[in-house]
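User: I would like to learn how to read the features of a model like this one. Could you take me through them one at a time?

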Protein chains: 2
Amino acid sequence: MLRMSTLFLRTLREDPADAEVPSHRLLLRAGYIRRSSPGVYSWLPLGLRVLAKIEAIVREEMAAIGAQEVHFPALQPREPYEATGRWRDYGPNLFRLKDRKDADYLLAPTHEEAFTLLVKDLYSSYKDLPITLYQIQTKYRDEARPRAGLIRGREFIMKDAYSFDLDREGLEGSYQAQRDAYKRLFDRLGLDYVIVSAHSGAMGGSRSEEFLCPVDIGEDTYVRSAGGYAANVEAVTTPAPDPVPFDDAPAPHVEDTPDAPTIDALVSLANDRYARADRPWTAADTLKNVVLAITPPEGNRELLVIGVPGDRDIDPHRVEAALSPATVEPATEADFAKEAALVPGYIGPEALAAAKIRYLLDPRVAPGTRWITGANVKDKHVFDLVAGRDFTSDGTIDVAEVRAGDPAPDGSGPLELARGVEIGHIFQLGTKYSEALGLSVLDADGKQRTVVMGSYGMGVTRVLAVLAELNNDEHGLIWPVQVAPYHVQVVATGKDEAILIAAEGVAEALTALGVEVCLDDRVGPSAGVKFADAELLGAPFIVVVGRGLATGEVEVKTRATGAVEDVAVADAPAKVAAMVKAALGG
Amino acid sequence: MLRMSTLFLRTLREDPADAEVPSHRLLLRAGYIRRSSPGVYSWLPLGLRVLAKIEAIVREEMAAIGAQEVHFPALQPREPYEATGRWRDYGPNLFRLKDRKDADYLLAPTHEEAFTLLVKDLYSSYKDLPITLYQIQTKYRDEARPRAGLIRGREFIMKDAYSFDLDREGLEGSYQAQRDAYKRLFDRLGLDYVIVSAHSGAMGGSRSEEFLCPVDIGEDTYVRSAGGYAANVEAVTTPAPDPVPFDDAPAPHVEDTPDAPTIDALVSLANDRYARADRPWTAADTLKNVVLAITPPEGNRELLVIGVPGDRDIDPHRVEAALSPATVEPATEADFAKEAALVPGYIGPEALAAAKIRYLLDPRVAPGTRWITGANVKDKHVFDLVAGRDFTSDGTIDVAEVRAGDPAPDGSGPLELARGVEIGHIFQLGTKYSEALGLSVLDADGKQRTVVMGSYGMGVTRVLAVLAELNNDEHGLIWPVQVAPYHVQVVATGKDEAILIAAEGVAEALTALGVEVCLDDRVGPSAGVKFADAELLGAPFIVVVGRGLATGEVEVKTRATGAVEDVAVADAPAKVAAMVKAALGG
């Protein structure tokens with residue numbers, strides 16, 4: 001039993017200035033965490049208890065599928081990360097440092113390299129496989145924009161698991177086992193989730209899926225169709241339309257389009273001056289050429305132009321994912337000034353080829369399609385420019401925005417869009433890491449086989465934040481009983497000695513019944529402050545011992561529903577313990 | 001129950017080349033840890049289990065004295081460490097890094113600053129005190145010479161606790177509570193220890209004590225007297241002798257001492273040519289002047305000469321501790337070449353004063369004592385040079401070697417010397433950190449009072465290593481049952497199916513009795529390999545199910561004593577469970 005009079009805690013009545021989302025505000029106000037530096041947090045006693053409970057559930061579910069726990073240093077030498085390219089590819093997201101002998105180290109963002117080398121160190125035969133190892137460990141990522149408290153931090157706790165199999169079929173099994181464990185784990189935590197196809201990013205590998213928790217404050221956008229398609233918007237593919245016959249298409253013709261550097265102005269002008277017979281021009285008839293500057297890791301900054309139908313913008317997240325590990329930014333005025341071929345508002349494909357600027361097209365710009373686009377001269381556009389006949393590109397890139405109503409790529413119906421927070425990400429890595437670091441085993445025929453790997457991440461501190469984000473009201477946190485720091489808060493109100501004694505009695509009886517109790521035995525604060533603190537801290541059940549004691553009753557409140565019941569003091573412990581057990585599902 | 005056939009483990013028959021002490025060798029060979037980089041280790045499943053058990057005991061003992069657990073980031077911003085001077089004072093021992101915005105961070109070696117700021121952040125009244133907080137957390141120290149595996153690493157786990165009191169008296173109580181908790185904790189772990197007075201080093205503060213575990217491989221030397229004095233050799237003080245009357249002393253006289261640049265040569269020559277009437281000259285009659293170069297943090301390297309009686313060397317550890325945070329090295333030939341006043345082998349006090357070289361004296365060079373020392377000219381020494389009459393110094397420094405038989409400073413008898421490993425260090429910090437960081441509270445009279453602090457460190461990974469160092473034999477580890485990864489290893493030998501079934505039965509029955517079992521169910525390895533592995537891994541009890549089964553018996557071995565007993569299969573689980581319980585002290 002915890003006596004609140006001794007607890008290292010100071011609750012805050014006001015919202016902290018720099019906390020932008022409810023979970024962040026409440027975890028700060030209720031004294032679960034404190035900010036140490038941007039995106040880096042210290043854990044106070046209550047926060048640490050919730051964290052420990054989540055970790056215990058993770059350990060149980062990992063053990064249930066035979067995954068074994070190990071623990072790696074956060075401080076990792078450069079060499080293995082150099083061998084896999086991640087030292088470079090992570091760019092400024094990696095915390096790098098030197099030791100006193102000038103050797104390079106990093107604070108690991110994930111540990112693929114270390115796990116691969118450990119298995120290489122210990123194992124050499126197919127008989128040793130399959131094996132899945134995991135750790136619950138502190139990770140570091142020097143985020144450009146840490147935000148939302150624990151949701152996107154620079155120091156955070158992850159469960160990261162890694163599977164090692166002899167072949168792809170084995171990997172499929174290990175991957176499914178982790179996938180199923182994640183489902184059980186999130187179900188136990190009462191977390192809603194969607195499993196979506198994902199982009200593998202800097203991790204590499206052939207296939208990956210994310211577990212997204214649907215929350216408005218989520219940074220990830222995902223799509224779903226009624227027919228079952230689900231993907232992170234970064235991973236949505238646009239099927240290339242069939243080529244269009246263009247034998248009857250007129251030759252391209254340049255027209256005056258004064259003061260039409262924007263798509264809207266262009267469409268309006270085209271309908272005014274160059275109206276077509278069958279239907280009005282729309283933005284989808286125009287080809288918009290967007291100029292970006294990309295910088296590959298340790299490479300030179302160069303311009304890239306992406307052509308998309310004028311009715312769509314480019315989605316910055318999709319561009320970043322598609323071009324990763326390069327960094328991407330919009331071209332600057334200086335870029336335009338330096339490159340005479342680029343006439344702002346009037347860029348067309350022909351000048352790009354001549355100026356040797358890399359040019360990529362949206363898949364919708366299929367061979368034979370006809371476009372209005374820039375003529376590379378101020379106040380002039382070209383009409384009836386046919387893809388494949390009048391211009392070509394250096395390839396396709398699928399980074400235009402995805403919209404609600406777009407067809408799912410698998411034909412399963414129109415897409416809906418929603419936002420979510422990534423709480424898990426599982427990867428079929430294949431042999432990227434085992435090849436780079438030389439992890440192979442002898443198979444049954446005595447031949448060396450490169451080991452096939454998977455990696456399985458789960459943000460433990462992020463899961464805690466998402467739980468707080470999903471379970472709160474205007475009064476404070478409402479923890480699911482599985483992870484609540486204490487199951488029950490017993491609040492003694494008033495100065496009456498008898499009340500405190502009765503409250504102690506209830507708390508002790510509950511403790512004896514296996515219930516975790518926080519007893520608010522503070523003498524100073526008023527009943528109002530104690531109620532407010534109880535609701536802010538978020539114990540799933542609150543027992544108030546106060547005025548009702550005169551008639552032999554205490555008040556039992558279920559935090560989530562707000563339901564309040566008067567219960568005889570003598571019956572309270574058994575009754576509340578039963579409520580806790582029922583909530584725990586036991 | 002753990003089935004060894006599934007365990008991620010590879011034991012090594014040979015000693016790893018770079019492992020210099022038994023604990024390091026055995027922890028590597030038995031697959032508890034693997035080296036990641038110098039002084040940085042990865043934890044394998046068995047190691048992690050032992051670690052978790054030690055941590056659980058630490059948590060219990062901390063909770064028992066009301067210390068509350070929190071958790072700080074390893075990644076700490078520079079500013080607070082700048083304010084206390086530790087950013088500078090830790091010198092190259094600190095891992096420093098920059099984030100993407102060029103802000104300075106460090107990987108914390110301990111967290112005095114962070115705890116101080118957290119308490120300042122939350123608390124402001126005397127009513128909030130006393131409070132003791134702790135964490136079990138990964139620490140970083142960029143050791144110049146990491147050694148002995150986990151004994152001196154660069155990344156390691158510490159329990160660090162911090163107490164906050166209103167006054168010195170309160171601190172005394174908090175300090176005693178931690179001190180007593182350490183005793184209970186080490187007693188529970190079966191660790192022998194000596195509590196010695198210690199030097200506070202870079203931590204600062206007024207008083208500190210170390211818990212040293214007496215082990216030959218220890219880096220610390222400590223002294224003890226029969227009368228109860230105990231101190232780290234770095235903290236031993238030499239009482240200054242009373243001044244000696246020198247009215248009858250002859251005037252100093254310079255004598256030829258050709259080819260006598262060493263103390264031995266000088267004493268021998270003095271006895272030959274300048275014999276004294278009462279007794280022979282000894283090395284203790286000479287004053288040896290040792291030239292060092294010291295570099296304060298962010299300061300300039302400068303020479304320092306220390307004068308000690310010629311029969312004693314300077315103890316490098318005592319010098320380092322006394323001059324910390326400055327770094328110390330012997331003067332080089334280049335230093336001598338540059339400084340004409342220093343005539344190697346013939347250095348005397350007079351030239352030092354003239355050359356403005358700082359000169360410190362051993363306390364034994366008391367006023368009135370008479371010395372033979374260098375005359376600052378090659379092949380000449382001065383005799384009857386009287387301290388306080390003929391020369392002075394810039395102060396005293398107590399860094400001469402301490403020898404067995406030296407008197408204890410408190411008069412409690414002659415000193416013995418021994419070696420040990422520091423497993424705990426507790427400090428009365430006083431107000432060093434609270435002053436630097438502005439931690440004060442309002443007292444009962446409404447006045448601001450600077451909070452008085454203590455800090456209490458315990459090396460968790462080091463304790464694990466020391467346990468391994470103390471508990472092993474030529475066959476492998478012998479864990480105390482309190483921290484053993486498994487209480488019992490059940491070994492099934494032979495290919496007979498019946499044996500495996502019986503072994504499973506024993507393992508399951510033991511598990512049902514609450515015993516932690518590792519079942520060696522591997523099919524490939526021979527009985528010999530399995531025995532060897534069982535002894536190497538170090539479970540306190542080993543049950544062998546093998547040939548004896550024919551007569552219905554299994555063999556029960558107590559690893560520590562080597563005692564072996566044949567027990568009926570049916571009786572084995574109850575009997576072994578009783579042995580485990582007895583060993584656990586329950």
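User: Let's start with chain A as a whole: what percentage of its 586 residues count as buried?

Analyst: Happy to help, and please keep in mind that this is a predicted model. Burial is judged here by counting neighbouring C-beta atoms within 10 Å, with 20 or more needed for a buried residue. In chain A, 47% of the 586 residues count as buried. The C-alpha atoms of the chain fill a box of roughly 95 × 70 × 50 Å along the principal axes. As for secondary structure, chain A has 15 helices and 31 strands. Among its contacts with a separation of 6 or more, 71% come from residues 24 or more positions apart.

User: Which domains does the assignment give for chain A?

Analyst: The assignment gives domain 1 (17-236 + 417-469), domain 2 (253-386) and domain 3 (477-584). Taken over C-alpha atoms, the centres of domain 1 and domain 2 of chain A are separated by 38 Å. Their contact takes 8 residues from domain 1 of chain A and 9 residues from domain 2 of chain A. On the domain 1 side, the classes are 2 nonpolar, 3 polar and 3 charged residues.

User: Now the two chains together. How many residues does the contact take from chain A and from chain B?

Analyst: The contact takes 39 residues from chain A and 40 residues from chain B. On the chain A side, the elements giving two or more residues include H2, helix H5 (112-122) and strand S8 (131-140). By class, the residues on that side of chain A divide into 23 nonpolar, 8 polar and 8 charged.

User: H2 of chain A came up there. How many residues does this helix have, and how far does it reach?

Analyst: A handy check is to set the span of a helix beside the value expected at 1.5 Å a residue. Helix H2 (residues 45-64) of chain A has 20 residues and reaches 29 Å from its first C-alpha to its last, close to the expected 28 Å. The buried residues of H2(A) include Leu46(A), Val50(A), Leu51(A) and Ile54(A), and also Lys53(A) and Glu61(A). After the helix comes Gly66(A), with a positive phi near 80°.

User: How should I read backbone angles in general?

Analyst: Most residues other than glycine have a negative phi, and most peptide bonds are trans. Let's look at some exceptions to those two habits.

User: Where does Asp102(A) lie, and is this residue buried or exposed?

Analyst: Asp102(A) lies in the loop between S6 and strand S7 (104-107) of chain A, and phi there is near 70°, a positive value in a residue other than glycine. Asp102(A) counts as exposed because it has 6 C-beta neighbours inside 10 Å. Asn376(A) is another case, with a positive phi of about 65° although it is not a glycine. Asn376(A) has its place in strand S19 (residues 370-377) of chain A, and counts as buried because it has 23 C-beta neighbours inside 10 Å.

User: And the peptide bonds: which residues does a cis bond join in chain B, with omega about -5°?

Analyst: That cis peptide bond joins Leu129(B) and Pro130(B). Pro130(B) is found in the loop between helix H5 (112-122) and strand S8 (131-140) of chain B. Another cis bond, with omega about 10°, joins Ser324(B) and Pro325(B). Pro325(B) sits in the loop between helix H8 (316-323) and strand S17 (327-330) of chain B.

User: How do I describe two helices that pack together?

Analyst: Two packed helices are described by the angle between their axes and the distance between the axes. In chain B, helix H1 (residues 22-29) and helix H12 (residues 460-470) pack at an angle of about 100°, with their axes 8 Å apart. That angle is why H1(B) is roughly perpendicular to H12(B). Contact residues include Leu26(B) and Leu27(B) of H1(B) and Ala465(B) and Ala468(B) of H12(B). The residues of this contact divide into 5 nonpolar, 1 polar and 1 charged.

User: Finally, sequence distance against spatial distance. How far apart are Arg179(B) and Ile426(B)?

Analyst: Arg179(B) and Ile426(B) are 247 residues apart in sequence and 7.5 Å apart in space, C-alpha to C-alpha. Arg179(B) has its place in helix H6 (residues 168-188) of chain B, and counts as partly exposed because it has 16 C-beta neighbours inside 10 Å.

Conventions
Residues are numbered from 1 along each chain as its sequence is written. Chains are lettered from A and ligands numbered from 1 in the order in which they are written. This is a predicted model: local features need pLDDT of at least 70, side-chain atom pairs count only at pLDDT 80 or more; totals for chains, interfaces and linings use all residues. Helices (H or I, at least four residues) and strands (E, at least two) are DSSP runs, numbered from the N terminus. A residue is buried if 20 or more other C-beta atoms lie within 10 Å of its own, exposed if 12 or fewer, and partly exposed in between; C-beta atoms are placed from the backbone. Axes are lines fitted to C-alpha atoms, for helices over the stretch in contact, and angles run from 0 to 180 degrees between N-to-C directions. Angles under 35 degrees count as roughly parallel, over 145 as roughly antiparallel, 65 to 115 as roughly perpendicular and the rest as oblique. Two residues are in contact if their C-beta atoms, placed from the backbone, lie within 7 Å. Ala, Val, Leu, Ile, Met, Phe, Trp, Tyr, Cys and Pro count as nonpolar, Asp, Glu, Lys and Arg as charged, and the others, Gly among them, as polar. The expected span of a helix is 1.5 Å times one less than its number of residues. Domain bounds come from an automatic or database domain assignment.
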